[in-house]
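Here's a walk through one protein model, written for someone who likes to know the cut-offs behind the words. Keep the viewer open while you read.

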Amino acid sequence: MRWFNKLFASIGFVIFALGNLLPAASADTPQDLERLVISAPGSQYIGRHFQYIEDHNRSYRLEDVMRSSAWQMDDKESLNFGFSDSAYWLKIKLTSDVSGNWYFWNRYSLLDKVTLYLCTADSKRRSQCRISTAGDSLPFAEREIAHPNLIFALPLTAGNSYDAYIFVDTQGTYQLPIELIDGESLRSGLLGNNILRGGYYSMMIVMGLYNLFIFFSIRDRSYLFYSAFVASFLLFHMSYEGSAFQYFWPNYPELNSIALPFFFALAQLAMSWFIPSFLRLEKYGPTSFRLFRIFSALAIVFMALALITPYRFSVSTQNLFSSLMAVSALVISISFWLKGHRGALFFTIAWVMLITGMVVGNLSSLGIAPTNLLTLFGYQFGSFFEVIFLSLALGERIIRLQDEHTRARKKVVESQQEAIRYLQRYEDIYQNSINGHFRMDDSGAIIKANKSFTKLFGYQTESELLASNMLLTDYITTKKNSAELWENLNKNKRVQGFPITIRPYNSTSDLQVLITLRHDQSDDASIWIGSTLDVTHRHQNELDLQRLQTEKTQSLRQLVMGVSHEMNTPLGNIQLATTFVEDQIASLPDKQMQQDILTGLTHITTGVHRLSELNALIRSSAVADHPHQPETLLLRVWIQDWQQRIANRFPDIDLDVDIPQRNAIWHGYAVALDQILNQLVDNSWTHNEKMRQLKQRVKINIYINMGKELVVKYFDNGIGIKPELREEIFMPFYTTQRITAKSKGLGLYQTRNLVVELMKGEISWPETNKGFSICLHLPDMAYTSQETTRIR
């Protein structure tokens with residue numbers, strides 16, 4: 001756009017220069033001017049019958065120009081001297097063959113002061129002439145004919161000759177399309193002119209209000225900006241044509257010098273808003289959009305300048321600026337039209353009309369084009385067709401918006417139908433779900449439920465359930481369970497898988513149910529949306545499994561303790577028999593026999609000793625026989641002490657313990673935890689003898705994490721254990737190192753009892769590619785006691 005701006009700025013400068021440098025008219029100096037003979041009614045432009053003198057200093061009097069021989073002539077029907085710092089005197093000689101009132105009608109209204117001197121042919125002094133004055137620097141009431149144009153009466157008598165002198169002084173352009181017209185033709189002309197003016201004003205007002213109403217209906221700013229443009233252009237036109245002076249400020253002619261440039265700038269500002277909005281330049285032409293933001297700023301500047309700068313400067317610069325902005329809009333609209341932008345065709349035609357009228361009017365005001373009806377009313381003709389075609393463009397936009405609205409509405413209808421289908425499917429899924437789905441209000445009353453929920457609570461139909469005015473808490477068996485549910489709901493606005501025990505309607509059996517609830521306030525009403533899952537069978541199965549496991553463990557413990565108890569008596573008897581035999585050996589006469597018996601007793605004593613150790617291990621593996629007391633441990637300190645003890649016992653083991661929480665505290669059985677970790681380390685040492693023989697160090701990594709439970713992840717780099725043997729290693733007396741194992745296969749059995757039976761924890765097996773790994777989940781008794789209290 002830079003080359004575009006430079007090009008039109010150059011053109012504007014050249015036009016402005018030509019307007020001020022070209023001669024006002026081709027002139028000659030005639031010896032005398034033939035008289036214009038008026039013989040019949042009618043009208044004609046009489047520019048070529050005038051002589052003129054340029055009054056550079058505005059110092060001439062009527063008597064001076066009467067005696068002057070410096071008159072010049074122009075061959076144009078309408079005189080136009082353009083912008084000039086001088087004043088002008090015109091002279092015309094008339095001879096009337098008919099009597100009556102004739103008139104000079106100048107259709108250009110923006111002249112500051114015009115004085116007509118009608119003198120008889122032999123008049124030599126001002127006092128002998130009829131004088132009439134008009135102009136927009138004088139109060140409107142001083143005009144002979146109350147009309148925006150300048151009209152002067154010529155009372156002529158048949159057979160007489162007259163010399164008419166006209167003095168013209170203005171800051172604007174000297175446009176003098178003077179028409180000589182008789183009274184009857186003037187009345188007809190004024191009637192037609194008033195009809196055209198009224199039609200033009202009515203059309204502009206109607207279009208402005210119509211588009212303003214459209215703006216209030218659809219809130220599209222293009223219509224608001226267009227209404228502003230029409231209103232501001234109408235005010236500009238009324239100032240240009242003189243009607244604003246006649247109707248709005250007839251007693252304040254000084255406003256005429258600022259009204260035209262101010263309203264002109266206001267129209268330019270509205271135009272600079274309308275064009276980007278209509279063509280959507282911000283989205284489709286960011287560079288052009290920025291250009292029109294600059295135009296908006298310049299228009300505001302021109303509005304301010306109109307109040308403080310000379311009229312001639314304001315009008316001249318605004319003419320060039322208006323042409324530049326209009327041509328810029330034309331180029332942009334053509335480019336949008338070629339790109340297929342709908343509505344750009346009408347916009348382009350409208351702007352061609354406006355630009356044509358503006359260019360013709362500007363050339364006329366600069367004195368380059370001749371003054372005639374087309375050039376005088378170029379703005380009006382251009383704006384009239386521009387408003388018509390822009391209205392068509394905006395009408396096309398309305399049709400396009402209606403089409404878009406229709407398509408959007410069609411999509412909405414299709415979306416609604418699709419949503420209804422989805423809702424129907426959802427309702428079917430909702431009603432036939434195996435889970436119980438329901439809604440309840442803030443008081444806990446059920447307001448909607450599906451079939452599963454209805455049957456779960458002992459009803460046959462939803463209507464029967466709703467008719468019972470059921471409250472959810474009415475079916476929860478314990479008040480404590482109900483209070484905990486509402487406490488969680490009030491605190492978190494939701495619960496997930498919360499266990500409750502309910503007793504259905506007309507039932508004597510309790511059900512274990514998991515309930516999920518969340519608060520919903522998307523509508524005006526506040527409700528709870530939830531679901532239930534009957535876990536009675538699963539809960540019962542878990543209880544049965546726990547009972548079976550407890551019975552199995554108890555039976556195994558009783559077996560072990562029974563075996564240990566039964567072994568005590570034979571071992572005692574064997575020891576007594578051994579002592580007795582040792583006492584009797586000395587009495588034997590045969591030394592060899594004594595030696596053989598002593599050797600046998602040594603074997604018996606060794607076996608009894610091993611059986612005693614085994615019996616002690618059996619008794620120690622029974623957790624119930626050892627009263628463990630819970631303690632509160634600062635884990636990092638306790639682990640560091642334990643790690644030091646392990647380092648002293650196994651100097652050839654690399655032991656690394658990681659505890660992320662620096663101040664982690666665990667409430668549990670410290671002695672049992674010590675036994676468990678010692679047994680695991682002992683197993684890693686005992687079962688990896690080959691690594692020690694190859695001088696490979698056993699590496700043990702322990703990761704401890706403290707949350708609601710203590711999680712101990714244990715890894716070593718040894719031979720590991722096959723997955724199919726993971727459960728067997730916890731069986732009593734299972735070992736792969738029967739000879740070297742100190743615990744004789746009871747170590748991991750004891751470990752399991754400590755974890756599962758004593759601490760109520762769990763054992764899991766993390767996946768690992770090499771070595772032995774195990775994970776212990778040890779509950780924190782602080783949380784366990786709270787959970788136990790909650791469940792009860």
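What follows covers confidence, two sheet regions, salt bridges and the disulfide.

## Ground rules and confidence

This is a predicted model, so to speak of a local feature takes pLDDT of at least 70, side-chain atom pairs count only at pLDDT 80 or more, and totals for chains, interfaces and linings use all residues. Residues are numbered from 1 along each chain as its sequence is written, and side-chain values use heavy atoms, with hydrogens and water left out.

The confidence score, pLDDT, is the predictor's own rating of each residue, from 0 to 100. For the protein chain the mean is 79, and 81% of residues reach 70 or more. Over residues 1-31 the score stays under 50, and the model has 39 contacts there beyond four places in sequence. Residues 786-792 also stay under 50, with four such contacts. A contact here means heavy atoms within 4.5 Å.

## A strand that is boxed in

Helices (H or I, at least four residues) and strands (E, at least two) are DSSP runs, numbered from the N terminus. Two strands pair if DSSP finds at least two bridges between them. "Buried" means under 20% relative accessible area, "exposed" over 50%, and "partly exposed" in between, using a 1.4 Å probe and protein chains only.

How many residues of strand β6 (residues 87-96) are buried? Ten of the ten are, so β6 is largely enclosed by the rest of the structure. A87, W89, K91, K93 and T95 point one way from the strand, while Y88, L90, I92, L94 and S96 point the other way, and all are buried. That fits the textbook pattern: in a regular strand, side chains alternate between the two faces of the sheet.

As for partners, β1 (residues 36-38) runs parallel to β6 over three bridges, with I38 opposite S96. Strand β3 (residues 51-55) pairs with β6 in the antiparallel sense over five bridges, and there I53 has W89 as its bridge partner. Strand β11 (residues 161-169) is antiparallel to β6 too, joined by eight bridges; look for I92 opposite A164.

## The five-stranded sheet

Further along the chain, an open sheet of five strands has the order β15-β14-β18-β17-β16, with antiparallel pairing. Its edge strands are β15 (446-449) and β16 (494-502), each pairing on one side only. Neighbouring strands are turned by 30° against each other on average, direction ignored. Inside the sheet, β17 (residues 511-520) and β18 (residues 527-534) pair over eight bridges in the antiparallel sense, and T516 stands opposite S531 in β18.

Helix α15 (residues 479-492) lies across β14 (436-441), β16, β17 and β18, and runs at about 170° to β16. Such axes are lines fitted to C-alpha atoms, for helices over the stretch in contact, and angles run from 0 to 180 degrees between N-to-C directions.

## Salt bridges

A salt bridge is counted when a side-chain nitrogen of Lys or Arg sits within 4 Å of a carboxyl oxygen of Asp or Glu. The whole structure has 14 of them. Here are three, with the closest N to O distance.

| Pair | N to O distance |
|---|---|
| R130 and E144 | 2.7 Å |
| D674 and R645 | 3.0 Å |
| D654 and R697 | 2.9 Å |

In the pair D654 and R697, D654 lies in strand β20 (residues 653-658) and R697 in the loop between α20 (689-693) and β22 (698-706), so the pair ties together parts that are 43 residues apart in sequence. D654 is partly exposed at 29% relative accessibility, and R697 is partly exposed at 37%. D674 counts as buried at 16%, whereas its partner R645 is partly exposed at 34%. In the remaining pair, R130 comes out at 31% and E144 at 36%, each partly exposed.

## The disulfide

A disulfide is a pair of cysteine sulfur atoms within 2.5 Å, and the count comes to one. Which cysteines does the disulfide join? C119 and C129 are linked, S to S 1.8 Å. C119 lies in strand β8 (residues 113-120) and C129 in the loop between β8 and β9, so the link ties together parts that are ten residues apart in sequence. The link is right-handed, with 110° about the S-S bond. C119 is buried at 1% relative accessibility, and C129 is buried at 11%.
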